[in-house]
Amino acid sequence: MASHSEDLNDVARSRSARKFDRAAKKAEKQARFDVRDLKSEAFAGNGPNAGGFAGAGPRDHTGRSWLDVDEVMDEGSPFTPPNPEIGSVRKATLLFVALLVLGVLCLALALFVPGLSSLFGAAGGVMTLLGAAGLFARHRGHSETRADIFDDGARV
């Protein structure tokens, strides 16, 4: 320290050291922010900012929240959910669906029973083709099911 005392004194007397000292003294003189400087209305649970209730907290909310949206939307709604009824199924449609399902099952069975695969494969192929062709032939297109010209085909 003794050998470098001259250098240390030069640094302490330098312009940047004086500038740093002035900035530090100015910062000390500035008023510091203190919690006592705030008004009591700035805190939750006090004053008019608390929702009008003295001591109200987040769990004291008595109104509706966004979690109640289903109940709020259902109140006073004229909507009635659809109650579709499946009418009687035609016997021919039922026959074609049964042929299609049995045909696919026979084809799957032909894969697992190698000894009878030719029998199950042929029968399954014929039943699948008959069922699919019958369903395709019985299908009524969009234009045949319209009730009037404004019917867009939407069904429930």
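**Figure 1. Five helices and zero strands make up the secondary structure of this chain.** What you're looking at is a predicted model. Read from the N terminus, the elements go α-α-α-α-α. The chain has 156 residues, and 9% of them are buried. About 14,000 Å² of the chain is exposed, and 62% of that comes from carbon and sulfur atoms. As for contacts, take the ones between residues at least 6 apart in sequence: 44% of these join residues at least 24 apart.

**Figure 2. R15, R18, K19 and R22 form a patch of positive charge on the surface.** Zoom in on K19 here, one of the residues that gather in this patch. K19 sits in helix 2, which covers residues 15-29. Is K19 buried or exposed? Its relative accessible area is 56%, so K19 counts as exposed, the cut-off for that label being over 50%.

**Figure 3. V97, V101, L102 and L105 make a nonpolar patch on the surface.** The patch comes to about 330 Å². L102, one of its members, belongs to helix 4, which spans residues 91-112. How accessible is L102? The relative accessibility of L102 is 45%, so this leucine gets the label partly exposed. That label is for values in between the buried limit, under 20%, and the exposed one, over 50%.

**Figure 4. T93, another view into helix 4, has contacts with L135 and R138.** T93 is located in helix 4, the helix made of residues 91-112. Which residues does T93 touch once you set aside its neighbours within four places in sequence? The contacts are with L135 and R138. H139 is worth picking out in this view too: 46 residues separate T93 and H139 along the chain, yet their C-alpha atoms are 9.5 Å apart. T93 has a relative accessibility of 25%, so it counts as partly exposed; the buried label would need a value under 20%.

Methods: Residues are numbered from 1 along each chain as its sequence is written. This is a predicted model: local features need pLDDT of at least 70, side-chain atom pairs count only at pLDDT 80 or more; totals for chains, interfaces and linings use all residues. Side-chain values use heavy atoms; hydrogens and water are left out. Patches are made of residues with over 30% relative accessible area and no salt bridge: like charges are joined within 9 Å, nonpolar side chains (Val, Leu, Ile, Met, Phe, Trp, Tyr) within 5 Å. Accessible areas come from the Shrake-Rupley method with a 1.4 Å probe; for residues, only the protein chains shown count as cover. A salt bridge is a side-chain nitrogen of Lys or Arg within 4 Å of a carboxyl oxygen of Asp or Glu. Helices (H or I, at least four residues) and strands (E, at least two) are DSSP runs, numbered from the N terminus. Buried means under 20% relative accessible area, exposed over 50%, partly exposed in between (1.4 Å probe, protein chains only). Lys and Arg count as positive and Asp and Glu as negative; His and the chain ends are not counted. The place of a charge is taken as NZ of Lys, CZ of Arg, CG of Asp or CD of Glu. Contact means heavy atoms within 4.5 Å.
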